[in-house]
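Okay, thanks everyone for squeezing this in. Let me put the model on the screen and then walk you through the parts I looked at.

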Amino acid sequence: MKTKLLFLITFLSFALNFAQTRISGKVTYKNRGVGEVNVTLKNTYDGATTDSNGNFSFETSEKGSRVLVFTHPKYIDVEKPIVIENQEVSVNAELKEQINEIDAVVVSAGSIEASDKKRSTTLLTPIDIYTTAGAEGQITSALTYLPGVQKVGETEGLFIRGGTGTESKIFMDGSLINNYFSNSVPGIAGRDRFNTSLFKGNVFSSGGYSALYGQALSGALMLESVDLPDQSSYDFGVSPIFLNAGFQRLGDNKNYSYGASLGYSNLKLMQEIFNFNTNFSEAPQSVNSDLNFRFKTKSGGFFKYYGKYDSNRMAVETPSLEPENYDQSLVKLKGKNTYHNLSFKQKFGKYLLNAGASYSYNQSDLDFSTQKDEIQTGSTKLLNDGNYINFKTVLERKINKISALRGGFELNSTSEKLNFNDFVTKNYKDLISSAFAETDLGFSNQLSAKIGVRAEHSSYLGKSNIAPRLALAYRLAKDWTTSFAYGIFYQNPESRYINGPANLDFQKSQHYIFQVQRTTEGRSLRFEAFYKKYDDLLKVKNLQYIDGQNQFVQTADNNSGFGYAKGLELFWRDKKTFDNIDYWISYSFLDSKRDFMNYPMSLKPNFASEHTLSAVAKRFVPEWKTGFNISYTYAKGRPYYDIATQDVNGEQKYFVRHEGKLKDYNALNFSLNYLPNLGKKDSKTFTVLVLSVTNILGSKNVYGYNFSMDGSRSSAVIPPVNTFVFVGAFISFGVDKTQDAINNNL
Amino acid sequence: MKKYLLTFALSLISLTAFAQTDYEKVMSDKIAKIENCKSLDEFQTLANDFDRIGKKETKEWLPAYYAAFVYIQKGRMLMRDGKMSELSAQANIAEKYLDQAESIAGKDNAEIHLLRKMSYSLKMMENPTERYMTDGMKAMEELRKAESLDPGNPRIALIKAEDTYFTPEQFGGSKTKGMEQFKDALAKFTTYSPKSKIAPNWGKAEAEYFINGAAK
């Protein structure tokens, strides 16, 4: 009996042990309940998930000292020891935020990033560029549809927030690209030399850019080249103005690739068809070729090489502004350029090494002459040879998930020779050595900062500078962020103006940028205000005029120039509201004045428009296998000046002889792409047919005026053609890119 | 006394036996809930349940597999609601669990490869333009691997059918072709027998759902 009783007791105690105990509580972060927290009684199946108020409750048959674990991806795990006896256990937990890359706020003042890494909706990817009507497939043209970038038709370069085209610099995988634009003649803008599809992403900064970059008073465009291609391919393109062919081969084990392309373009045929404003006595033509290889080393390093060569030529004839002297003036151009870029990237534990070197050579051979009664009357030759070497190394160390420290140095060597009719011969050499350090500091997912400093020394100037940069970002609410950026930026005087001895210094600008941004699913709204202060800008003077010469030569005089630019910008992009339609609108207000170059006083610069508005819309219609794109740009008329010299007490002084406002700029552009083989599963070729019409309404836009020597006559600087129609076919073989195209257009 | 001892021993045995089947029982309970999930919260709760089981049963690959599956299903629900920007967050969590499952089950598990395919597809949908060439390609590769490992698996057939069904005709997909493939998948489901009570066995209802014309 005793044993029976004992057994009963044992059994009962077992049963008691199996009795359920309720465990409940509340999980909070800053006194607010947190939902979706996984509450686990360690090493058991028992636990619960908190509701939206942070409450949880579950039952367990476990007894004794146990540990309760609270986990949630956005918070740091919390462990609480508990003792389970027979009565209900109540446990509350307070969580701490876990800092992570996805939720951390990113500094975005002044910059628009186009890569897939950051979940930004203000992207401008290669596909965006190709499908922006009026951009002609050029990266820099597409950027003019973003806020802060001015449309200046007669000169190449990115005119950012009241800055000149030479105040912006373009980088490829961290290395500077000298002569990004093709050689050109005055009044006609050079084109992007680089194929848009060469780059997988870009960061465009319209101010306040990182300390890793320098020598740009206004802004920087950082292009990131593509990695290994996904497949081997052969492609060619044909249109009335160009022919090109290329291939890419991917190694069998997918750790290396190589490729090359060759192209030729000539505008002659179009010149026959269209009514050109510009009289090309020799139609613009060019040959271009490129070569690339990329490979991954066994230890995880990645090498990328890209090299190109191009040459171009054209000649332009203009009616004379000095009829008593000559009837026509003529300018002939021969240009040659080669660019090579090698970059290397490897991770060593917590360190990431990025090294790159680039070399470029550029030759521009300009021949100015005049004609009277069919006889050439004067010839001025301007031969420019430039050799540029850029070397840069950046070492980055991760501190935690969202903080990092970067440092490195950069060498920038320039060697230019200029020959101007033996009247000026110069040999300009400069070595800019820079060192920089920058840190990304993530204080929390709501607050982050970027603090950097850059120091430069120019061997030509014999001077050094130190430029601090600072940016802060703060998340106001779930979708709203605000950021602020400040920085000092230095740039050497442009070497083209250094044609005689002068005591020069760095030019300087300071940026203050404030931004508020709202990003939600498929929509993005940005508001930016900026103030930019310029100091030590270059002032030039004319070199003494020699008879027979038909161009003035300006030379750098001193650094007494100054100025400012301030403005407001709005950007709205929406991919969501209308089915299959992606559109964006940008508006920029700009107020700027500066006294620089040959300006006799502080003036509104002739490249700055007060109001710029642009809109871009794209729609792909799957049933027709066709994408339709339109864009529109409006820019308020820019000022123009006729600046001449006069003798004041034996000294040549500049003065404004004429001034006025250009008419407002308007252009409506349209393009469509048709994909005939789309969806044919077994198709071996993939074809895209493109039709584009720029300035479809034929607005007669004026870029400026040229004045005669005495100022009595003037002629308008106008685009080479008002309305231009382009048709072309791009065909790829060997690989089916259909899916690619579909997804690009979804 | 001997008799009692025997009873005691027996009851101990039954207790341990009970403990063994406890894993299967709790898994079956939770697995049964997956198909009835109606809200994001329910998916999250279930995912956490599988996580908890996985932490205890470190030698079993199925808890991590199901946790990944639940996150993918949650992602697909978000996708249906048009919350595209949250897809890759779900997919990333799913991939973590898939890594865990693979480290236990080995690399040749077709079911895991299929979930990887679904996870990459989810990521791609967040930004098809940008991610087709990367995540889209990886998804195809995973599907190919899964198929070569287990050609008769009805779930692989089901996911292929879905891909076809939802791809517009202009791009080589088709509703009718998709339907054929669903029927194919359903046929495979009827002859398929899962390796155990708790081995992956989902998808049949989904195939039926399409065949009965419920998805329009």
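So, salt bridges: counting over all chains in this predicted model, we get 52 of them. One I'd like you to look at is in chain A, where the side chains of Glu528(A) and Arg161(A) meet with N and O at 2.5 Å. That pair links distant parts of the chain, 367 residues apart. Glu528(A) sits in strand β32, residues 523-542, while Arg161(A) is in the loop between β13 (159-160) and β14 (168-172).

Staying in chain A, have a look at Glu97(A). You'll find Glu97(A) in strand β10, residues 96-97. What does Glu97(A) touch, if we skip residues up to four places away in sequence? There's Tyr29(A), then the run Lys74(A), Tyr75(A) and Ile76(A), and then Ser444(A), Asn445(A) and Gln446(A). With Asn445(A) there is also a polar contact, side chain to side chain, at 3.3 Å. And to give you a feel for the span of this chain, go from Glu97(A) to Glu317(A): that's 220 residues along the chain, and the C-alpha atoms are separated by 69 Å.

Now over to chain B. Chain B is split into domain 1, residues 29-149, and domain 2, residues 152-216. Their C-alpha centres are 18 Å apart. On the contact side, 17 residues of domain 1 of chain B meet 16 residues of domain 2 of chain B. How much area is buried between the two domains of chain B? About 1,300 Å², with carbon and sulfur atoms giving 61% of that. Of what domain 1 of chain B buries there, 30% is supplied by Glu111(B), Leu114(B) and Glu147(B), more than any other three residues.

Glu147(B) comes up again, by the way: Lys160(B) forms a salt bridge with Glu147(B), and the closest N and O atoms are 2.8 Å apart. Between the two domains of chain B the salt-bridge count is five. For polar contacts across that interface, we get eight residue pairs, with both partners at pLDDT 80 or more.

Which helices make up the domain 1 side of this interface in chain B? α3 (62-80), α5 (110-126) and α6 (128-149) each supply at least two residues. α5(B) gives the most, with six residues. By class, that side of domain 1 of chain B has 12 nonpolar residues, five charged ones and no polar ones.

Okay, confidence. For the complex, the predictor gives an ipTM of 0.82 and a pTM of 0.83. Chain A averages a pLDDT of 88, with 92% of the residues at 70 or above. Chain B averages 85, with 87% of the residues scoring at least 70.

Where are the weak spots? In chain A, helix α5, residues 738-745, has the lowest mean pLDDT of the chain's elements, 46, whereas β13(A) has the highest, 96. Over residues 736-746 of chain A the pLDDT stays under 50, and the model has 28 contacts there beyond four places in sequence. In chain B, helix α1, residues 2-34, has the lowest mean at 66, and α3(B), one of those interface helices, has the highest at 94. Residues 12-18 of chain B stay under 50, and for that stretch the model has two contacts beyond four places in sequence. Where pLDDT is low, the predicted coordinates shouldn't be read in detail.

That's what I have, happy to rotate the view for anyone.

Conventions. Residues are numbered from 1 along each chain as its sequence is written. Chains are lettered from A and ligands numbered from 1 in the order in which they are written. Side-chain values use heavy atoms; hydrogens and water are left out. Domain bounds come from an automatic or database domain assignment. Contact means heavy atoms within 4.5 Å. Buried area is the accessible area (1.4 Å probe) that two parts lose on being put together, summed over both. A salt bridge is a side-chain nitrogen of Lys or Arg within 4 Å of a carboxyl oxygen of Asp or Glu. A polar contact is a pair of N or O atoms within 3.5 Å; within protein, one must be able to donate a hydrogen and the other to accept it, and residues adjacent in sequence count only if both atoms are side-chain atoms. Helices (H or I, at least four residues) and strands (E, at least two) are DSSP runs, numbered from the N terminus. Ala, Val, Leu, Ile, Met, Phe, Trp, Tyr, Cys and Pro count as nonpolar, Asp, Glu, Lys and Arg as charged, and the others, Gly among them, as polar. pLDDT is the predictor's confidence in each residue, from 0 to 100.
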